[in-house]
Amino acid sequence: MKRIFVSAVFAIAFAPFAQAEDFYLGANIASGTDGHVNVTEGGTTTRHDASGKQRPLGLYAGYVLSPGWALEAGYSGSGGSTDFDLDAGRRLRLRTSMGYLAVRADWKLGEAWSLYGKAGVAQGRLKLDASGPGAGPDERVHKTGAYLGVGAAWFVTKDVTLQLELEHTTKLKYEELTAKMDKISLGVRFGF
């Protein structure tokens, strides 16, 4: 899976040398997550909210295959960790990231607006770092699953578009911990 994803990213990245007008780049930002961790010890469950959280950022590149259809690859990650202060001086840090490869279909609603949908495959990654008394080793979880996205685009100019998007992919799980990779983001796309 990793080789296919890397090959697709390189193919999209070097496609503009064939025809630059069929290539686009974009970036988006999503709101930070308000996660929590429930810790059960001695029959008592305690909820711990995030003490520090990062804002997910995304980058993507696409190649227009035909009017209304494109091949797109992207990456999103927080660049930092979401932290949880637990009992007795223990701390848990979570980092999530996701890469995807998808086909994108656009439906124009007029000169200035369009709707789009994306379907493909994504690989999510979760890194857990625990510190403090009784902390175990760092853990990593990778999971590949379906990727879906829907959004609306507003054309500021011929080559600049603002986008509002909802992305969904498989949840990452480690023991009783679940990290959701779904996000709503606001972004900008640049065509060439």
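Visitor: Where does lysine 173 sit?
Guide: In this predicted model, lysine 173 lies in strand β11, which covers residues 172–174.

Visitor: Why is lysine 173 called exposed?
Guide: Its relative accessible area is 55%. Exposed means over 50%, so lysine 173 earns the word with its 55%.

Visitor: Which residues gather with Lys173 in a patch of positive charge?
Guide: Lys143, Lys171 and Lys180 join Lys173 there, on the surface.

Visitor: What makes a place on the surface a nonpolar patch, and which residues form one here?
Guide: Patch members need over 30% relative accessible area, and nonpolar side chains are joined within 5 Å. Here the patch is formed by Ile29, Leu57, Val150, Leu164, Leu166, Ile184 and Leu186, with about 650 Å² of accessible area together. Two elements, β10 (160–169) and β13 (183–191), give two or more residues each to this patch.

Visitor: How do you know that leucine 186 is exposed?
Guide: Leucine 186, placed in strand β13, has 53% relative accessibility. The cut-off for exposed is over 50%, so leucine 186 at 53% counts as exposed.

Visitor: Now to the interior. Which residues touch the most other members of the largest nonpolar core?
Guide: They are Leu92, Leu94, Tyr100 and Leu126, in a core of 20 residues. Two or more residues each come from β7 (91–108), β8 (113–131), β9 (139–155) and β12 (177–179). Strand β7 gives the largest share, five residues.

Visitor: What makes a residue of such a core count as buried?
Guide: Buried means under 20% relative accessible area. In soluble globular proteins, nonpolar side chains tend to be buried together.

Conventions. Residues are numbered from 1 along each chain as its sequence is written. This is a predicted model: local features need pLDDT of at least 70, side-chain atom pairs count only at pLDDT 80 or more; totals for chains, interfaces and linings use all residues. Side-chain values use heavy atoms; hydrogens and water are left out. Patches are made of residues with over 30% relative accessible area and no salt bridge: like charges are joined within 9 Å, nonpolar side chains (Val, Leu, Ile, Met, Phe, Trp, Tyr) within 5 Å. Accessible areas come from the Shrake-Rupley method with a 1.4 Å probe; for residues, only the protein chains shown count as cover. A salt bridge is a side-chain nitrogen of Lys or Arg within 4 Å of a carboxyl oxygen of Asp or Glu. Lys and Arg count as positive and Asp and Glu as negative; His and the chain ends are not counted. The place of a charge is taken as NZ of Lys, CZ of Arg, CG of Asp or CD of Glu. Helices (H or I, at least four residues) and strands (E, at least two) are DSSP runs, numbered from the N terminus. Buried means under 20% relative accessible area, exposed over 50%, partly exposed in between (1.4 Å probe, protein chains only). A nonpolar core is a set of buried Ala, Val, Leu, Ile, Met, Phe, Trp, Tyr and Cys residues joined through side-chain atoms within 4.5 Å.
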